[in-house]
Amino acid sequence: MSLTVRRVAAGLLAAALLVAIGCSRLTQENFNLVEKGMTFEEVQTILGAPTESKSVGIGPLSGTAATWDDGKTRIEIKFVNEKVQLKSLEKSTPDSG
């Protein structure tokens, strides 16, 4: 096997392992990348698909509440007419007892 093929194979293996161990996209850094006015699609590019999403529409207005939760970090984002308006981040703390 050539050196190039080995490097490509090693890179693919490393990428697969990162996916397999579940590297979460729910980080403070990614949360900070989400800005008011971003579209739902732009946010999904940063955070991935939400674990929960609920939408309502009244006349020309639409609203969506989306949640990303990995059991350790919870990000909630409110969209009005497909644009970010509010966001929050909560990190769970381990029980001390």
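**Briefing: a helix-to-strand core and its hairpins**

I58 stands opposite L61, a residue of β2. The model is predicted. Its protein chain carries three helices and four strands. Read from the N terminus, the elements run α-α-α-β-β-β-β.

**Overall make-up**

- The protein chain has 97 residues, and 22% of them count as buried.
- Take the contacts in the protein chain between residues at least 6 apart in sequence: 33% of these join residues at least 24 apart.

**The β1–β2 hairpin**

- β1 covers residues 52-58, and β2 covers residues 61-69.
- The two strands run antiparallel, and seven bridges join them.
- Two residues lie between the strands of this hairpin.
- G59 takes a positive phi in the hairpin, near 60°.
- β1 has seven residues, and the number buried is zero, so β1 lies largely in the open.

**T64 in strand β2**

- T64 belongs to strand β2.
- T64 has a relative accessible area of 11%, below the 20% limit, so it counts as buried.
- The side chains of T64 and S55 are joined by a polar contact of 2.9 Å.
- Setting aside residues up to four places away in sequence, T64 touches S53, K54 and S55.
- On the same terms, T64 also touches I77, K78 and F79.
- F40 is another residue that T64 touches, and F40 lies in helix α3.

**Helix α3 and its buried face**

- Helix α3 spans residues 40-47.
- F40, V43, I46 and L47 are buried in this helix.
- Viewed down the axis of α3, the buried residues fall within an arc of 120°, so they line one face of the helix.
- What does that set of residues pack against? The buried residues of α3 pack against helix α2 (28-33) and the strands β1, β2, β3 and β4.
- In that list, β3 is residues 73-80 and β4 is residues 83-91.
- G48 follows α3 and has a positive phi, near 85°.

**The aromatic pair**

- How many aromatic pairs does the structure hold? The structure holds one.
- The ring centres of F40 and F79 are 5.0 Å apart and the planes stand at 65°, so the pair is edge-to-face.
- The cut-off for that label is an angle over 60 degrees, so the 65° between F40 and F79 qualifies.
- This pair links distant parts of the chain: F40 sits in helix α3 and F79 in strand β3, 39 residues apart.
- Are the two partners buried or exposed? F40 is buried, at 14% relative accessible area.
- F79 also counts as buried, at 2% relative accessibility.
- T64 touches both F40 and F79.

**S88 in strand β4**

- S88 lies in strand β4.
- Its relative accessible area is 30%, so S88 is partly exposed.
- S88 and I77 are eleven residues apart along the chain, and their C-alpha atoms are separated by 6.5 Å.
- Neighbours within four places in sequence aside, S88 is in contact with R74, I75 and E76.
- F31 is a further contact of S88.

**A charge over a ring**

- Where does the charged end of K87 sit? K87 places its charged end over the ring of F31, 4.3 Å from the ring centre.
- The ring-bearing F31 is also a contact of S88.

**The β3–β4 loop**

- N81 is found in the loop between β3 and β4, and E82 lies in that loop too.
- N81 is not a glycine, yet its phi is positive, about 50°.
- E82 is not a glycine either, and its phi is positive, about 70°.
- N81 counts as partly exposed, with 34% relative accessibility.
- E82 counts as partly exposed, with 39% relative accessibility.

Key
Residues numbered from 1 in each chain as written. Predicted model: local features only at pLDDT ≥ 70, side-chain atom pairs only at ≥ 80, totals over all residues. Heavy atoms only, no water. Buried < 20%, exposed > 50% of the residue type's maximum accessible area, 1.4 Å probe, protein only. Arc of directions from axis to C-beta. Contact = heavy atoms within 4.5 Å. Phe/Tyr/Trp six-rings, centres within 6.5 Å; stacked < 30°, edge-to-face > 60°. Lys NZ or Arg CZ within 6 Å of the ring centre and 35° of its normal. Polar contact = N/O pair within 3.5 Å; in protein donor to acceptor, adjacent residues only side chain to side chain. Pairing = 2+ DSSP bridges.
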